[in-house]
Amino acid sequence: MATRTEDETGVTTGAETAEKKADGAGRETTAEVAENTHHAADDTDGEPTAQAGSVPATGPSGVGQGAGAVVSVVLGLASLNGGWLGTVAAARQTLIGQLETSSRAGVAQQIQAVYGDAWQATALWAGVFALAALVTGFVVLARPAFGAPGRPQAPWIKSVAWAGVTVGVIGLLLAVLKYTGILFGLPSAS
């Protein structure tokens, strides 16, 4: 007599009871065991059964969020030193200032045209990088609110994103101070 048993994983299998089929010797063949197991697996009412050792499907791994957090920090660091674009913009502005300033211009006008405008161009690009760091960091931090409910964000992603936001705020503050001349203002020409 065949019976169905359910193991601890919820998989239903067929097994023979202690009463063996009377086939003369009281032993069942390998084919009969396989057939009984196969029929028991078919009696699960169409529900999928869990395979032993199978890994359940998971949601997104958070790789994009982690990359966004790291990009936020890198943009924040670029805002602190002006970045390559800030250096190129400053050199360009210095050249423009030298070309447009006549030799008859006053010293204060020459200083502003050659050095002041270049300093402000560097500060402007630093501010752009700082704003990009802030926006990227905030997007990464706000992403779980619009993602899969019940799926928490990895702690390291939050930490790195907060670091990017913090460095972005510092970079933006320094950029504003440099642009307005409060931090390292131009020397007086008098």
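Helices here are DSSP runs of at least four residues, numbered from the N terminus. With that in hand, here are some exercises on this predicted model.

**Exercise 1: Get your bearings**

Find which helices and strands the protein has, and in what order they come.

Solution.
- Start with the count: the protein has five helices and two strands.
- Next, read along the sequence, where the pattern is β-β-α-α-α-α-α.
- Then look at burial: of the 190 residues, 27% count as buried.
- Finally, take the contacts between residues at least 6 apart in sequence; 70% of them join residues at least 24 apart.

**Exercise 2: Place leucine 75**

Work out which helix holds leucine 75, whether this residue is buried or exposed, and what leucine 75 touches.

Solution.
- Leucine 75 lies in helix H2.
- Its relative accessible area is 19%. Buried means under 20%, so leucine 75 counts as buried.
- Setting aside neighbours within four places in sequence, leucine 75 is in contact with Phe129, Ala132, Ala133 and Thr136.
- Now look across to glycine 171, which is 96 residues away along the chain; the two C-alpha atoms are separated by 9.5 Å.

**Exercise 3: Helix H2 beside helix H5**

Decide how H2 (residues 63-81) and H5 (residues 155-180) are arranged.

Solution.
- The two helices pack at an angle of about 20°, and their axes are 8 Å apart.
- Angles under 35 degrees count as roughly parallel, so H2 is roughly parallel to H5.
- The crossing of H2 past H5 is left-handed.
- By class, this contact of H2 with H5 has 14 nonpolar, eight polar and no charged residues.
- To find the contact in the model, look for residues of H2 including Ala69, Val73 and Leu80, and residues of H5 including Trp156, Ala161 and Leu174.

**Exercise 4: Helix H2 beside helix H4**

Do the same for H2 and H4 (residues 107-146).

Solution.
- The axes come within 8 Å and cross at roughly 160°.
- Angles over 145 degrees count as roughly antiparallel, which means that H2 is roughly antiparallel to H4.
- H2 passes H4 in a left-handed crossing.
- Sorted by class, the contact of H2 with H4 has eleven nonpolar, seven polar and one charged residues.
- Leucine 75 from Exercise 2 is one of the H2 residues here, and Arg143 is among those of H4.

**Exercise 5: Helix H3 beside helix H4**

Find how H3 (residues 83-100) and H4 cross, and which residues make the contact.

Solution.
- The axes of H3 and H4 come within 8 Å, crossing at roughly 155°.
- That angle makes H3 roughly antiparallel to H4.
- Here H3 passes H4 in a right-handed crossing.
- Among the residues in contact are Leu85, Ala89 and Gln93 of H3, with Asp117, Trp125 and Phe129 of H4.
- By class, the contact of H3 with H4 has nine nonpolar, seven polar and one charged residues.

**Exercise 6: The nonpolar core**

List the residues that make up the largest nonpolar core, then follow the contacts of alanine 161.

Solution.
- Seven residues make up this core: Ala69, Leu134, Val140, Leu141, Ile157, Ala161 and Val165.
- H4 and H5 each supply at least two residues of the core.
- Leaving out residues up to four places away in sequence, alanine 161 touches Ala69, Ser72, Gly137, Val140 and Leu141.

**Exercise 7: Place lysine 178**

Work out where lysine 178 is found, whether this residue is buried or exposed, and which residues lysine 178 touches.

Solution.
- Lysine 178 is found in helix H5.
- Compare its relative accessible area of 12% with the cut-off of under 20% for buried: lysine 178 is therefore buried.
- Not counting residues up to four places away in sequence, lysine 178 touches Trp119, Ala123, Ala126 and Leu183.
- Take alanine 123 from that list: lysine 178 and alanine 123 are 55 residues apart in sequence, and 5.8 Å apart in space, C-alpha to C-alpha.

Note on methods: Residues are numbered from 1 along each chain as its sequence is written. This is a predicted model: local features need pLDDT of at least 70, side-chain atom pairs count only at pLDDT 80 or more; totals for chains, interfaces and linings use all residues. Side-chain values use heavy atoms; hydrogens and water are left out. Axes are lines fitted to C-alpha atoms, for helices over the stretch in contact, and angles run from 0 to 180 degrees between N-to-C directions. Angles under 35 degrees count as roughly parallel, over 145 as roughly antiparallel, 65 to 115 as roughly perpendicular and the rest as oblique. A crossing is left-handed if the near helix is turned anticlockwise from the far one by less than a right angle, and right-handed if clockwise. Contact means heavy atoms within 4.5 Å. Ala, Val, Leu, Ile, Met, Phe, Trp, Tyr, Cys and Pro count as nonpolar, Asp, Glu, Lys and Arg as charged, and the others, Gly among them, as polar. A nonpolar core is a set of buried Ala, Val, Leu, Ile, Met, Phe, Trp, Tyr and Cys residues joined through side-chain atoms within 4.5 Å. Buried means under 20% relative accessible area, exposed over 50%, partly exposed in between (1.4 Å probe, protein chains only).
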